[in-house]
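Here is a walk through one protein model, from its charged pairs to its sheet. Keep the structure open as you read.

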Amino acid sequence: MSENGAVFIGTSNHGFAQQAQEEIRRLFGGAVKYQWLVPGEVFLARLEEASWEETVRVVTESEPVFLRHLHPVNGQEAWNGSLESLVEALREKLVRHSAIAAGGERVAVQVRKTEHAAPGVSPSSVKHGLDEVLTVKPGIVPVVREAEWIISLFLTEDLIYWGISRPSDNLSDWPGGAVRYRKEEGQVSRAKFKLLEAEQTFGLDFTQYRAALDVGAAPGGWTSLLLERGLDVTAIDPAKLDPGVLKHPKLTYYQKNAGDVKLKPDSFDLLVCDMSWSPRQMVKLIQGLLYSLKPGGTAIITLKLMHGKALQSLREATEDFEPQLSLQKAKQLFHNREELTLFLVKNG
Ligand SMILES: C[S@@+](CC[C@H](N)C(=O)[O-])C[C@H]1O[C@@H](n2cnc3c(N)ncnc32)[C@H](O)[C@@H]1O
């Protein structure tokens with residue numbers, strides 16, 4: 001990384017890197033150059049006019065929707081694809097870096113690579129090899145989570161890009177922002193991870209809510225999470241809920257089209273909706289149910305993105321929801337596919 005500029009690696013969900021690049025371009029004007037590392041997903045960015053610190057400050061404050069992760073590139077080293085050559089290329093550089101040299105810190109090594117880079121070298125073997133290098137410094141504790149410093153490596157067939165940063169500088173402290181949850185036994189659907197990730201990303205605590213409306217609830221992943229958090233949940237879906245969810249005492253279930261259900265006004269403090277409908281139709285359906293959400297209540301809504309019109313879909317949905325709902329945050333979560341997740345609050 002040069003004194004007067006920043007070189008970093010940015011990551012988005014597959015197919016949305018152009019939107020992530022556009023978000024960065026809007027922050028820094030035209031003075032940013034991109035190079036693909038994984039087309040459509042991972043890219044190298046060079047900013048001439050901002051330092052890494054300035055880049056992090058501006059990017060973090062802007063709360064980007066599509067940029068999921070970034071990390072600095074402190075250097076790029078040639079390697080031959082073997083673990084030995086990687087350790088040799090990085091040993092001195094890492095232990096001399098100010099974050100490591102003083103010792104006494106919890107350090108995570110996060111490794112990603114392109115599809116064709118070093119097929120025989122696994123990310124865990126790289127982490128293990130570098131953990132051994134780092135622990136020559138007194139008090140360096142190699143960790144996976146809750147690190148004080150993250151060493152990020154991105155490996156191509158012939159280059160190692162490496163950088164050291166604070167987890168808070170990376171937008172996400174997961175490698176490349178790929179949030180991994182363990183699948184539970186009997187878990188109703190993988191969609192549950194989406195709501196779990198939304199809760200963490202938006203800094204919400206669902207235990208603080210009392211009653212939720214889940215629109216388009218089947219098979220019941222979101223409903224089951226809200227029930228686990230102790231809420232009364234009203235689930236609506238013409239499709240069947242999972243039998244394990246159905247027997248929960250705090251569940252009310254309408255096996256109907258959401259447009260045909262009558263609810264009590266102001267009876268929920270949380271509304272969630274995960275229907276993969278066209279944005280306009282989804283907004284209309286939700287608007288027709290908003291009388292049941294209390295003023296100040298929260299809405300978490302999945303927004304399907306129309307092909308090639310991601311930013312437009314977001315802008316239109318936000319405009320359509322005004323004046324009833326105000327957008328707090330929008331984020332394409334790791335568990336989103338051709339969609340993103342909205343966090344809105346009902347106006348008073
Ligand atoms: C992606 S799934 C929801 C998954 C769910 N969040 C989970 O965690 O298991 C979308 C659901 O929306 C439901 N749906 C579609 N149109 C609907 C409508 N008009 N009213 C209620 N639900 C609807 C579908 O039946 C489908 O079960």
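**Charged pairs, then the sheet**

Arg25 and Glu22 form a salt bridge, with their closest N and O atoms 3.8 Å apart. Bear in mind that this model is predicted. Both residues sit in helix α1 (residues 17–28); they are 3 residues apart, so about one helical turn separates them. Arg25 is partly exposed, at 32% relative accessible area. Glu22 is partly exposed too, at 27%. A network of salt bridges links Glu22, Arg25 and Arg26. The total for the model is 18 salt bridges.

Other pairs reach further along the chain. Arg145 forms a salt bridge with Asp173, and their closest N and O atoms are 3.1 Å apart. This pair links distant parts of the chain: Arg145 is in the loop between β7 and β8, and Asp173 is in the loop between β9 and α6 (191–201), 28 residues away. Arg145 is partly exposed, with a relative accessible area of 29%. For Asp173, also partly exposed, the value is 28%.

Glu228 pairs with Lys192 in another salt bridge, where the closest N and O atoms are 2.7 Å apart. Glu228 belongs to helix α7 (residues 221–228) and Lys192 to helix α6, so the salt bridge ties together parts that lie 36 residues apart in sequence. Lys192 is buried, with a relative accessible area of 3%.

Which buried residue has no salt bridge? It is Glu105. Side chains of opposite charge can pair when their charged atoms come close. The nearest candidate for Glu105 is Arg166, 4.3 Å away. The cut-off for a salt bridge is 4 Å, so a pair at that distance does not count. Glu105 lies in the loop between α4 (98–101) and β6. Beyond its neighbours within four places in sequence, its contacts include Ala99, Ile140, Glu148 and Trp149.

Now turn to the sheet. It is open, and its 5 strands run in the order β5-β9-β8-β6-β7 with mixed pairing. β5 (75–78) and β7 (141–143) stand at the edges; each has a single partner strand, so one side of each lacks a neighbour in the sheet. On average, neighbouring strands are turned by 25° against each other, direction ignored.

β5 and β9 (residues 159–165) run antiparallel, joined by 4 bridges. Glu77 has Ile160 in β9 as its bridge partner. Helix α3 (residues 83–96) lies across β5, β8 (149–155) and β9, at about 30° to β9. Helix α5 (residues 123–134) also packs on the sheet, touching β6 (106–113), β7 and β8. Its direction makes about 145° with that of β6.

Methods. Residues numbered from 1 in each chain as written. Predicted model: local features only at pLDDT ≥ 70, side-chain atom pairs only at ≥ 80, totals over all residues. Heavy atoms only, no water. Pairing = 2+ DSSP bridges. Helix = DSSP H or I, 4+ residues; strand = E, 2+ residues; numbered from the N terminus. Axes fitted to C-alpha atoms, helices over the stretch in contact; angles between N-to-C directions. Contact = heavy atoms within 4.5 Å. Buried < 20%, exposed > 50% of the residue type's maximum accessible area, 1.4 Å probe, protein only. Lys, Arg positive; Asp, Glu negative; His and termini not counted. Salt bridge = Lys/Arg side-chain N within 4 Å of Asp/Glu carboxyl O.
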